[in-house]
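Ready for a few short exercises? Have a look at the model below, then work through each task before reading its solution.

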Amino acid sequence: MPKKETLYCSFCGRTLKRDDFFVNGLDGGAICEDCAEAVGEMLKDYRIQFRKYKKSELKFKLLKPIEIKEKLDEYVIGQEEAKKVIAVAVYNHYKRLLHAAQDNNEVELEKSNIMLVGETGTGKTLLAKTIARLLDVPFCIADATVFTEAGYVGEDVESILSRLLQAADYDVEKAERGIVFIDEIDKIARKGADNPSISRDVSGEGVQQAMLKLLEGTSANVPPEGGRKHPEQKFIVVNTQNILFIASGAFNQMDKIIAERLNTNRIGYNQENRVLDKNNMMQYITAQDLKMFGLIPELCGRFPMITYLSSLDKDALKRILLEPKNALIKQYERLFVFDGIDLSFTEDAIDYVVDKTIALKLGARGLRSIMERIMTNAMYEFPSSGKKKIVIDKAYAAGQMGEN
């Protein structure tokens, strides 16, 4: 009886037993489980290093500010002032990048990061997402509330760049021209802007300090897989000088800070007898107000473009439901078309949804939660009902909300 041939791992040379996990090659070679995992890690590193040095040209048609705003109008209802400010800032930023190579002028053009201030559900995130989609540049969203100073439990601010790298498919050149959206930046305000705490504020002022270089422009060592840094980890160097940062926050009670600065003691006027719109104090916001709220002066300086988003009234919410390309009503109608059903909503049903949203004070974000609650049973039952036409009226909507 012939003796069984002994198998060896072609990489490490150890003897393979029949109950070991291994992969046989075509010519009698084999690789053990440990070596296969090691090769997988090596290939991942090589892929990252290859992408790190891969060059990508800046290729896109840069729209003029008016054209950018017109595109934003297709997705974002209202917020005219904010759309103008963002259109100008984005145009200048990417115009600066497009002409950087051939521009030999001694004048150095600095980028203008943007600060968006407004209540929840007013469209801050939607504006940033839409801009990134229009320009076809890498885009990522970071929540400022998860960041802490290096060495404390939480995420380093550099982890923002890990997400941007992933969005750019690890193409560093492309990532270095992307857009980073930092949400909830008001949540890292100093604890007591004028009365610093004795205890270390590791998730407030400490994070603001850590963000400064990142916002202005620096070469940061970024762990490709995200997470905390450790000495043996391989890093990718990302220059943040040409990354556009857009920060946003609700800044609750900011209107009181603005009113105090403007000395609105007399109803409707300030000391210069200037008529003020007391229902929309956010339009008068300045870097001084952000500082009073608890952002350090250095951070305020990194966001030279400050704009506000107004609260959405009934008319604006109704338009959001009906007009944009991604309007909720259009989405539901399209979903039912796939089932051969003609879906429509009565005027009083739409007004009902808007009134409920205003009552909950959730802004445009509240529209979806209410619509989902109203439409869940319909989306469950109607595709199997055989009906070809369905009309959602106020009575049906109220019944799904438990009001009948």
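**Exercise 1: Lys69 and its surroundings**

Find the helix that holds Lys69, then decide whether this residue is buried or exposed.

Solution. Start with the helix: Lys69 sits in H2, which covers residues 65-73. Keep in mind that you're looking at a predicted model. Next, take the relative accessible area of Lys69, which is 15%. The cut-off for buried is under 20%, so Lys69 counts as buried. Last, look at what touches it: if you skip the neighbours within four places in sequence, Lys69 is in contact with Glu80, Lys83, Lys84 and Ala87.

**Exercise 2: Met281 in its loop**

Place Met281 between two helices, and work out whether it is buried or exposed.

Solution. First, the location: Met281 belongs to the loop that runs between helix H8 (254-262) and helix H9 (287-293). Then the accessibility: Met281 has a value of 5%, so it's buried too. Finally, try a distance: from C-alpha to C-alpha, Met281 and Met254 are 8.5 Å apart in space, with their positions 27 residues apart in sequence.

**Exercise 3: Zooming out**

Describe the whole protein by its helices and strands, its buried share, its contacts and its surface.

Solution. Count the elements, and you get 15 helices and 13 strands. Now the burial: of the 404 residues, 43% are buried. For the contacts, take those with a separation of 6 or more; 67% of them join residues 24 or more positions apart. To finish, the protein exposes about 22500 Å², and carbon and sulfur atoms supply 51% of that area.

Terms used. Residues are numbered from 1 along each chain as its sequence is written. This is a predicted model: local features need pLDDT of at least 70, side-chain atom pairs count only at pLDDT 80 or more; totals for chains, interfaces and linings use all residues. Side-chain values use heavy atoms; hydrogens and water are left out. Helices (H or I, at least four residues) and strands (E, at least two) are DSSP runs, numbered from the N terminus. Buried means under 20% relative accessible area, exposed over 50%, partly exposed in between (1.4 Å probe, protein chains only). Contact means heavy atoms within 4.5 Å. Accessible areas come from the Shrake-Rupley method with a 1.4 Å probe; for residues, only the protein chains shown count as cover.
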